[in-house]
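Reader: I should be grateful for a close look at one part of this chain, beginning with a single side chain and its surroundings and then following the packing outward. Please give the reasoning wherever a classification depends on a cut-off.

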Amino acid sequence: MLGTLSNDLPALQVVVPLMSAPLCLVLARWPRLVWILCVAASWTSLAISMELLDQVLSYGPISYAMGGWAAPWGIEYRVDSVNAYVILIVTGIASVVLPFAGASVAGEIREDKVAMFYTLLMLCLTGLLGMTITGDAFNVFVFLEISSLSMYGLISMGRDRRALTSAFQYLVMGTIGGTFILVGIGFLYVITGTLNMADIAQRLPEATQLRTLHTAFAFLVVGIGLKLAMFPLHLWLPNAYAYAPSTATALIAATATKVAVYALLRFVFTVIGPVTAYEDLPFGEIAMALATLGLLTGSFVAIFQENVKRILAYSSVAQIGYILLGIGLATALGLQAGILHLFNHALMKGALFMAVGCFFYRVGSVRLDDLRGIGRKMPWTFAAFVIAGLSLIGVPLTVGFISKWYLLQATLQQGYWPLALLILGGSLLAVVYIWRVVEAAWFGSPSVRANDAKEAPLGLLIPTWTLVLANLYFGIHTELTVGVADLAARTLLEAIR
Amino acid sequence: MRFLQLYNYEIAIFLAMVGLYIVVSRGNLVKKIAGLSMFQTSVFILYISMGVVDGGSVPILTEGVTRYSNPLPHVLILTAIVVGVATTAVALSLVIRINEAYGTVEEDEVHQQDESF
């Protein structure tokens, strides 16, 4: 039994969360049971993803024919070092966020809506995992829409009524992005007559309709750019993160943009090929320019926000800039830094948003004014926030330092020292906005709301601290993350030859 | 003449542009959704046009016919239509809740209320 199951791991990776979604609705009358089911599903997904990564590292890429239909005709699930790594990020974050959800959701969502919330959470996870694992271009679009539609629902469940308008705003922009991706995939199909990514990649070099190819590439980059909040297309992100329920924010902020970055990497490097992207078309220059702009404006705007979740959301725009900068460099080291930062940014943003979720649980607000003096009332949560904040800034011994270090090396290797200075400048701006929160929370005189607050319950603290400790652990023991990121970068670049 | 032969592509582009323009220019949220649906529909037409094979017949197995149109884009677009319907449904239900929370579906009035809030 186990023997045959282990052959179907790539399918199970998607099927486990997918099946648990309707089960949540069946069990809707017992919210506690729904929660346990979701935690179990997310931990199973994590176990599957670890096993997949292990198999990929020891035996090379896995190809799985969905329903037994062989590759170019049927849908292929293809796991290599790049997406095994991204799947590990997504499931890892999910399996920490879901235990956190237990108390946090009970405090924020009306009881009759709790089961719905978990259903959407599991569907979102299904979409993100499917997008990552599939080797079929059209399948990417389908899973992207599954994750997006459930995200709109998740965001709209926030307590503030502005959650509704931000969900609507995200829906409009996300649908335009998704449709752009659909057009891009359609053009690729016109050129090659196939939808399998590996097959498209094989047939594209013979393609003669270069203008169609370039148009397809432009549509894909803009569409995915909307999803990953590339600088001028990031407008949906701050409100969506700020008004969504804490659990949803922690999951979405730590995983959704990462999966979109993965889709970008896949299309640029594996499907279309870096020669078209970087030599025929100025993708590298555009990515680097937008990355730098995003890095600076995101950090600057973050400084002037009054809502802690919005500070962190704008900082996400800046951090996406770091990742894009690595991708724009297109060297092995740059890509490695970008991919490494995918993992590390997921860890620190997950930890930060969960700490903010703890504050929200006790205070009922995340405005800087309401959080004055909260640090002394909730020392453990505050300490978690500070450590994760230091990681965001990039202090040694945290994961933030590791990825910035690699990114600095990558820019200096190319001789782009002004970019290196900008990266350091971005870190200094991060010091400012994290300090604003620390100053208010520790040195401010307690606000009315903070005065009555007490330490967050263990059900929230333990998951938060798990991620905070992961921030420290992977900042010291870098073998796994750096090694796999290096392998992933080389896998992507090998596709050229 | 070539311009006329490609008329379905031109219609697709026209619909896409009109749809996007409505999304950007209209303040009424329901009209925005209508524009968004139009934009999505244009892509359906684009895909269906791709499936045409010169001189091809309807892709149903018939005796004496050797050239068929490509049915795959049609099947793909069935999926995309489902996605489109789901998106519109989610969007409309969001509008209903926005209307309940703000008492209006005009974008500028919603923003005005939030600023004083």
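Author: A:C358 has a relative accessible area of 0% and is therefore buried, since that class covers values under 20%. The model is a predicted one. Over all chains, the structure holds zero disulfides. A:C124 accordingly takes part in none, and the nearest cysteine sulfur to it, that of A:C38, is 12 Å away. A:C124 also counts as buried, at 1% relative accessibility. A:C358 is likewise in no disulfide; its nearest cysteine sulfur again belongs to A:C38, at 20 Å. A disulfide would require a pair of sulfur atoms within 2.5 Å.

Strand 2 of chain A offers two further buried positions. The strand spans residues 76-79 and includes A:V79, whose relative accessible area is 0%, so that A:V79 is buried. Setting aside residues up to four places away in sequence, A:V79 touches A:P10, A:V56, A:P61, A:I62, A:A84 and A:I133. A:Y77 lies in strand 2 as well and, with 3% relative accessibility, is also classed as buried. Beyond its neighbours within four places in sequence, the contacts of A:Y77 include A:P10, A:I62 and A:I133, and these three residues are touched by A:V79 too. Among the other partners of A:Y77 are A:A11, A:V14, A:Y64, A:M66, A:N139 and A:F143. The C-alpha atoms of A:Y77 and A:A11 are separated by 7.6 Å, although the two residues are 66 apart along the chain. For A:V79 and A:A250, 171 residues apart along the chain, the C-alpha separation is 26 Å.

A:A250 leads to the helix packing, for it is one of the residues of helix 11 of chain A that meet helix 4 of chain A. The axes of helix 4 (residues 81-108) and helix 11 (residues 246-272) come within 7 Å and cross at roughly 165 degrees. The two helices are therefore roughly antiparallel, because angles over 145 degrees are placed in that class. Their crossing is left-handed. On the side of helix 4 the contact includes A:V82, A:V86, A:V90, A:I93, A:F100 and A:E108, and on the side of helix 11 it includes A:L251, A:V259, A:Y262 and A:R266. By class, the residues of this contact divide into 14 nonpolar, five polar and two charged.

Helix 7 (residues 162-192) and helix 9 (residues 210-228) of chain A pack at about 155 degrees, with their axes 7 Å apart. This pair is therefore roughly antiparallel, and helix 7 passes helix 9 in a left-handed crossing. Their contact has 17 nonpolar, six polar and one charged residues.

Helix 14 (residues 308-329) and helix 19 (residues 417-443) of chain A have axes that come within 11 Å and cross at roughly 165 degrees. These helices, too, are therefore roughly antiparallel to each other, and the crossing is left-handed. Helix 14 contributes A:V308, A:I311, A:S315, A:Q319, A:Y322 and A:L325, while helix 19 contributes A:L419, A:I423, A:G426, A:S427, A:Y433 and A:V437. The residues of this contact comprise eight nonpolar, four polar and no charged.

Methods. Residues numbered from 1 in each chain as written. Chains lettered and ligands numbered in written order. Predicted model: local features only at pLDDT ≥ 70, side-chain atom pairs only at ≥ 80, totals over all residues. Heavy atoms only, no water. Axes fitted to C-alpha atoms, helices over the stretch in contact; angles between N-to-C directions. Helix = DSSP H or I, 4+ residues; strand = E, 2+ residues; numbered from the N terminus. Parallel < 35°, antiparallel > 145°, perpendicular 65-115°, else oblique. Left-handed = near helix turned anticlockwise from the far one by under 90°. Contact = heavy atoms within 4.5 Å. Nonpolar A, V, L, I, M, F, W, Y, C, P; charged D, E, K, R; others polar. Buried < 20%, exposed > 50% of the residue type's maximum accessible area, 1.4 Å probe, protein only.
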